[in-house]
Each structure stands twice: as structure tokens, then as C-alpha cells.
Amino acid sequence: MCSGASIGGRMMAADLETSCPWVVAIVLNYGLPEVTADCVRSLQASDYPRLDLLVVDNGSKDGSVAFLQERFPALRIIEVGENRYFAGGMNIGLTQAFDQGANYALVLNNDTLVASDMVTRLVQVAEAQQA
């Protein structure tokens, strides 16, 4: 998995496109931006080279989106505008991830903290099942 040429231990972008499945981690926020920020930070520490983060804000009225944008300017955030609850909010994120070509989606509650190797291990297992 994720084999190819590397520079200084980091894979070149072209090699990532062809050798690593693209994973989008989707985190649902509803009025708990500090908790969501902790989750985002744990995902940013992942050792998986092709992981993107997507926060779906389920209609928070407490400034959550501004809070998260200030701390994570590059973070993709979908503002739903109303509370669609867990399934509705996640379906919006899943639709966007797979419409854009993601190979896998990781659905997380915003109070989840992940180990830095979690995504790598999950992809390894998923890819082994397909072999």
C-alpha cells in the first residue's frame, strides 16, 4: 500500500494519486466547536498521507463555523443551516466525499480522538479484504 518514490521519506504527490486510496474523514459538529477542534487536531496528526478532513456543521448557532475556520483556515466545512441530526448530516458529508472520488470515508463523532496510525491501519485492513 502506498508504494512509490519518496523524497526525504515523504511520497511525491503524483505517487500518492496512484498508490494510496483517498480517505475523507467526516466529522459532524453541532454546537461544540472546542470538542470538534480536538477531533480535527487528532486527525491532522495522522500518519496517513492521503487523508482529507470534512466537517459538517449541523446548523450550529453558537459561532462554531467561525471558531473552526479561525483555527483551521484550510478545513473544509459544509454548513447545513439546520440540524439534520446524525444520519442526515453524515449523509451530506458522505455524498460530497464520494461524489468527489474518495475511496473510503471515515465517519466520526466529534468527540473522537484518533491514534496517529488509525487511518493507516484501517486502510491496510480494507485493502487486504479486496485483494
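Select helix α2 and show its neighbours: the buried residues of α2 pack against β3, β4, α3 and β6. Those buried residues are Pro-33, Thr-36, Ala-37, Cys-39, Val-40, Ser-42 and Leu-43. The model is predicted. To check the helix geometry, take the end C-alpha atoms of α2, which lie 16 Å apart; this agrees with the 16 Å that its 12 residues should span at 1.5 Å a residue.

Next, stay on Leu-43 and display its contacts. Leaving aside residues up to four places away in sequence, Leu-43 touches Ala-25, Val-27, Leu-51, Leu-53, Leu-106, Leu-108 and Val-114.

Now widen the selection to the core. The largest nonpolar core has 22 residues, and Val-23, Leu-43 and Leu-51 are the ones that touch the most other members. Two or more residues each come from β3 (23-29), α2 (33-44), β4 (51-57), α3 (64-71), β6 (104-109) and α5 (118-130). The largest share is that of α2, with 4 residues. A second core, separate from this one, has 11 residues, among them Leu-28, Leu-54, Val-56 and Ala-102. In soluble globular proteins, nonpolar side chains tend to be buried together.

Move to the strands and select β3 with β6. These two run parallel and are joined by 6 bridges. For a reference point in the pair, centre on Ala-25, which stands opposite Leu-106 in β6. Then show the side chains of β6 alone. Which of them are buried? Tyr-104, Leu-106 and Leu-108 are, and they point to one face. Ala-105, Val-107 and Asn-109 point to the other face and are not buried, so that the side chains alternate along the strand.

Select β4 and β5 (residues 76-79) next. They pair in the parallel sense over 4 bridges. Val-56, a member of the second core, stands opposite Ile-78 in β5. Add α3 to the selection: β4, α3 and β5 make a right-handed β-α-β unit.

Now go to helix α4, residues 85-99. Its 15 residues should span 21 Å at 1.5 Å a residue, and the end C-alpha atoms are 21 Å apart, which agrees. Colour Gly-89, Met-90, Gly-93 and Ala-97, which are buried. These residues sit on the same side of α4, because they cover an arc of only 95° around the axis. Against which strands do the buried residues of α4 pack? They pack against β3, β4 and β6. Turn the helix over to find the exposed residues Tyr-85 and Asp-99 on the face turned away from the buried side. Just after α4, stop at Gly-101, which takes a positive phi of about 105°.

Finally, show the whole chain as a cartoon. The protein has 5 helices and 6 strands. Traced from the N terminus, the elements run β-β-α-β-α-β-α-β-α-β-α. Colour by burial, and 42% of the 131 residues count as buried. For contacts between residues at least 6 apart in sequence, 67% join residues at least 24 apart.

Terms used:
Residues are numbered from 1 along each chain as its sequence is written. This is a predicted model: local features need pLDDT of at least 70, side-chain atom pairs count only at pLDDT 80 or more; totals for chains, interfaces and linings use all residues. Side-chain values use heavy atoms; hydrogens and water are left out. A nonpolar core is a set of buried Ala, Val, Leu, Ile, Met, Phe, Trp, Tyr and Cys residues joined through side-chain atoms within 4.5 Å. Buried means under 20% relative accessible area, exposed over 50%, partly exposed in between (1.4 Å probe, protein chains only). Contact means heavy atoms within 4.5 Å. Two strands pair if DSSP finds at least two bridges between them. A crossover is right-handed if, with the strands pointing away from the viewer, the path from the first strand over the helix to the second runs clockwise. The expected span of a helix is 1.5 Å times one less than its number of residues. The arc is that of the directions from the helix axis to the C-beta atoms.
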